Amino acid sequence: MYEALMTEEMKPWRDLLLVHNFAVNEVKTKLQILDEEFRNIHDYNPIEHIRYRVKKPNSISEKLIRLGYEPTIENARKHLSDIAGIRIICSFTTDIYKVFDLLEKQDDIEIIQIKDYIKNPKKNGYKSLHLLIDIPVYLSSGVVPTRIEIQIRTIAMDFWASLEHKIYYKYRNEAPSSITDRLKVCANMISILDERMLEIKNEITSLHDNENTLDKHVISEVELGKE
Ligand code: 0O2
């Protein structure tokens, strides 16, 4: 039915979005497997939650125009790396690198670019790990390597980035310094918060590990009849 309504010019857009949707679904399955494995087998899960999106044609066109290109399908293929986007939210900074390691180990994922805004935060205080990956999508007509932008950040970084992004768009990059200065202060507070939360988590983990070692000790002593 939709096929019948579709004009010839729209078909390449449909194909572009479809292949990106398939790519997102592939990575979604990979992340869901890791998420379930961690929840069921390990007693800790580095993934807090995940968001997925494929840009709509109007937002692809808007971005191309913003970048100074004609809004054509060729330009979208050539100049946009974020038609498909995945955002992985973690509790702790260490989890971000853990998730990165798990993705990097998967043979069919090719890491094209890594931008580590956590080790090298942006001037405005933005922190996040950005990856561009290529993943093969197997269509009846052949394999299509498809690009996805992955952003991995903590809950606190995500909270900050969402508000900062809205402000950036509202003021079109000309937000008053009274706002940008306060945002920078908040970014610093968020960095400290992430560090403190990690310290607490590490302390709890080492206490838990000690208790487990102690338990094992007591059990083996009981087994040996020492109690
Ligand atoms: P939108 O509207 O989200 O699509 P380049 O400067 O060309 O090297 P590029 O292509 O902007 O880098 O890639 P980068 O730096 O990895 O940023 C990709 C996306 O990350 C951005 O897409 C934003 O969504 C997000 N991002 C990057 N910097 C910031 C930041 O300072 N604050 C916030 N809140 N988000 C950021 P777009 O295309 O800029 O915007």
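Three short exercises on the ligand site and an aromatic pair follow, each with a worked solution.

The model is predicted: local features need pLDDT of at least 70, side-chain atom pairs count only at pLDDT 80 or more, and totals for chains, interfaces and linings use all residues. Residues are numbered from 1 along each chain as its sequence is written, and side-chain values use heavy atoms, without hydrogens or water.

**Exercise 1. Describe the shell around the ligand.**

Step 1. Count the shell. It holds 16 residues, each with a heavy atom within 4 Å of the ligand. The closest are Lys63, Tyr117, His130, Glu164 and Tyr169.

Step 2. Sort by class. The shell has 8 charged residues (Asp, Glu, Lys, Arg), 4 nonpolar (Ala, Val, Leu, Ile, Met, Phe, Trp, Tyr, Cys, Pro) and 4 polar (the others, Gly among them).

Step 3. Map to elements, which are DSSP runs numbered from the N terminus (helices H or I, at least four residues; strands E, at least two). α3 (57-66), β5 (142-154) and α6 (155-171) each give at least two shell residues. α6 supplies the largest share, 4 residues.

**Exercise 2. Find side chains with a polar atom by a ligand oxygen, and give the buried share of the ligand.**

Step 1. Look for polar contacts (N or O atoms within 3.5 Å). Tyr169 places a polar side-chain atom 2.4 Å from a ligand oxygen. For His130 the distance is 2.6 Å. For Tyr117 it is also 2.6 Å.

Step 2. Take the area (Shrake-Rupley, 1.4 Å probe). The ligand alone exposes 740 Å², and the protein buries 65% of that.

**Exercise 3. Classify the pair of Tyr126 and Trp160, and place both residues.**

Step 1. Apply the cut-offs: ring centres within 6.5 Å; planes under 30 degrees apart are stacked, over 60 edge-to-face, the rest tilted. The whole structure has 3 aromatic pairs. Tyr126 and Trp160 are 6.5 Å apart, centre to centre, with 45° between planes: tilted.

Step 2. Place them. Tyr126 is in the loop between β3 (110-116) and β4 (129-139), and Trp160 is in α6, 34 residues apart.

Key. Polar contact = N/O pair within 3.5 Å; in protein donor to acceptor, adjacent residues only side chain to side chain. Phe/Tyr/Trp six-rings, centres within 6.5 Å; stacked < 30°, edge-to-face > 60°.
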